[in-house]
Amino acid sequence: MLVVQKYGGTSVGTLERIEAVAWRVARTKKEGNDVVVVVSAMSGETNKLIEYAQYFSANPKQREMDLLLSSGERVTSALLAIALTQMGYPAMAFSGRQAGIQTDQMHTKARIDRIDGERMREAIKEGNIIVVAGFQGITSLGDVSTLGRGGSDLSAVAIAGALGADICEIYTDVDGVYTTDPRIEPRAKKLEKISYDEMLELASLGAKVLQNRSVELAKKLNVNLVTRSSFNENSGTLITKEENIMEKPLVSGIAIDRNQARVTLRGVTDKPGIAAEIFTTLAKRNINVDMIIQNVGHDGTTNLGFTVPENELDMTKEAISIIQPANVVEYDREIVKVSVVGVGMKSHSGVASRAFHALAEEGINIEMISTSEIKISVAVHEKYGELAVRALHKAYELDQ
């Protein structure tokens with residue numbers, strides 16, 4: 001059995017933690033498995049390197065930043081390989097380039113084009129544990145590239161797919177995917193299994209367990225993902241194909257996204273093409289528009305509302321000011337998005353009405369709504385966000 005394991009920054013944050021990871025990896029090897037390990041930089045290391053760069057420049061070149069930031073993962077991979085070898089388990093450390101991870105030219109947020117895993121395969125045949133520096137690759141020009149936020153997860157999934165691994169284990173400081181954030185609802189339960197599509201929705205809606213690009217790639221490559229904690233021996237959560245889940249729950253989880261702001265345009269000229277002009281202008285600035293509501297036109301004008309990430313609100317204001325599509329423009333930062341996710345929604349009626357009834361009982365006003373086949377999202381005032389999560393968690397009996 002070929003096992004790919006990925007360890008995040010907190011899991012390898014100190015020399016003692018690296019040693020603990022080494023023992024866990026060694027145990028997996030001792031059980032008769034071939035093992036490839038992907039590691040992040042030690043926690044805090046990447047921020048330190050960024051501070052070093054900013055000492056010299058407030059806006060350093062992205063090519064040089066990639067070369068600089070990729071060093072953190074290489075340090076961890078070398079240290080872990082040294083620790084394993086000293087314990088009697090031959091190990092080889094690989095940079096992204098040595099692992100054959102080839103990317104496009106987009107520095108700081110590169111996408112993986114392909115992986116030539118031949119060198120890793122040969123080293124595995126020779127009995128080695130492979131330790132790969134995550135988050136990085138190499139461009140066709142031979143420059144070091146990095147994959148952006150959550151890049152080590154992406155490295156692990158891509159390697160698992162390229163090598164045909166039986167399982168890809170993502171180790172973090174949490175021991176799986178929960179029905180909601182346990183800090184908000186202490187009765188949240190850990191899920192044994194969840195589908196790729198549900199995990200994608202939860203990841204994009206505020207759940208921080210896995211980065212959505214890695215889940216997308218796992219689905220594309222049909223890689224079975226397990227997320228679990230490196231700080232305990234608890235079983236984790238399997239992320240897999242929907243058909244691998246026998247009993248599909250009505251709802252799997254409740255997510256909250258606090259990085260939301262609402263834009264309301266009043267007095268927009270009600271004519272064909274005006275919405276296209278507004279949203280094309282935003283798209284050109286890579287502003288991610290989510291919920292959209294348009295009122296029925298009256299007296300030649302209409303009102304148009306939509307949400308954007310709060311950290312993109314200033315860019316949104318600038319874009320709207322250029323085209324000036326409305327008589328009045330209002331901005332509201334005091335909203336959150338709360339979402340109900342579950343593949344069981346496809347075959348059950350009344351899911352939405354249960355959500356709306358639960359929120360109404362708590363006196364929570366719904367300001368905007370969006371839905372998909374497996375998701376219902378509502379925008380509410382931020383002061384009601386956590387109450388909404390708890391109310392919905394109870395309504396769908398996720399604490400049972």
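Here is a chat between a biologist and a modeller about a predicted model.

Biologist: Let's start inside. What makes the largest nonpolar core a core, and which residues have the most contacts inside it?

Modeller: A nonpolar core is a set of buried residues joined through side-chain atoms within 4.5 Å. The largest one here has 40 residues, and Val 4, Val 36, Met 120, Val 132, Ile 159, Cys 168 and Met 199 are those with the most contacts inside it. Among the elements giving it two or more residues are β1 (2–7), β2 (34–39), α5 (151–163) and α6 (196–204). The largest share, 6 residues, comes from α5.

Biologist: Which residues does Met 199 touch, leaving aside neighbours within four places in sequence?

Modeller: Met 199 is in contact with Val 177, Ile 194, Leu 210, Val 215 and Ile 239. There is also a second, separate core of 22 residues, which includes Val 251, Val 338, Val 351 and Tyr 396.

Biologist: How do you know whether Ser 155 is buried or exposed?

Modeller: Buried means under 20% relative accessible area. Ser 155 comes in at 0%, so it is buried. Ser 155 lies in helix α5. Leaving aside neighbours within four places in sequence, its contacts are Val 38, Gly 134, Phe 135, Gln 136 and Leu 147.

Biologist: Now the helix pair. Why is α8 called oblique to α9?

Modeller: The axes of α8 (residues 274–284) and α9 (residues 313–323) come within 10 Å and cross at roughly 135°. Roughly antiparallel needs an angle over 145 degrees, and roughly perpendicular runs from 65 to 115. The crossing angle fits neither range, so α8 is oblique to α9. The crossing is right-handed.

Biologist: Which residues make that contact?

Modeller: From α8 there are Glu 277, Ile 278, Thr 281 and Leu 282, and from α9 there are Thr 316, Ala 319, Ile 320 and Ile 323. By class, that gives 5 nonpolar, 2 polar and 1 charged residues.

Biologist: What is notable about phi of Thr 108?

Modeller: Phi of Thr 108 is near 75°, a positive value in a residue other than glycine. Thr 108 lies in the loop between β4 (101–103) and β5 (112–115).

Biologist: And why is Thr 108 called partly exposed?

Modeller: Partly exposed sits between the 20% and 50% cut-offs. The relative accessible area of Thr 108 is 26%, so the label fits.

Biologist: What makes Asn 222 count as partly exposed?

Modeller: Its relative accessibility is 42%, so Asn 222 falls in that class too. Asn 222 lies in the loop between α7 and β11 (225–229), and its phi is near 60°, again positive in a residue other than glycine.

Note on methods:
Residues are numbered from 1 along each chain as its sequence is written. This is a predicted model: local features need pLDDT of at least 70, side-chain atom pairs count only at pLDDT 80 or more; totals for chains, interfaces and linings use all residues. Side-chain values use heavy atoms; hydrogens and water are left out. Buried means under 20% relative accessible area, exposed over 50%, partly exposed in between (1.4 Å probe, protein chains only). Helices (H or I, at least four residues) and strands (E, at least two) are DSSP runs, numbered from the N terminus. Contact means heavy atoms within 4.5 Å. Axes are lines fitted to C-alpha atoms, for helices over the stretch in contact, and angles run from 0 to 180 degrees between N-to-C directions. Angles under 35 degrees count as roughly parallel, over 145 as roughly antiparallel, 65 to 115 as roughly perpendicular and the rest as oblique. A crossing is left-handed if the near helix is turned anticlockwise from the far one by less than a right angle, and right-handed if clockwise. Ala, Val, Leu, Ile, Met, Phe, Trp, Tyr, Cys and Pro count as nonpolar, Asp, Glu, Lys and Arg as charged, and the others, Gly among them, as polar.
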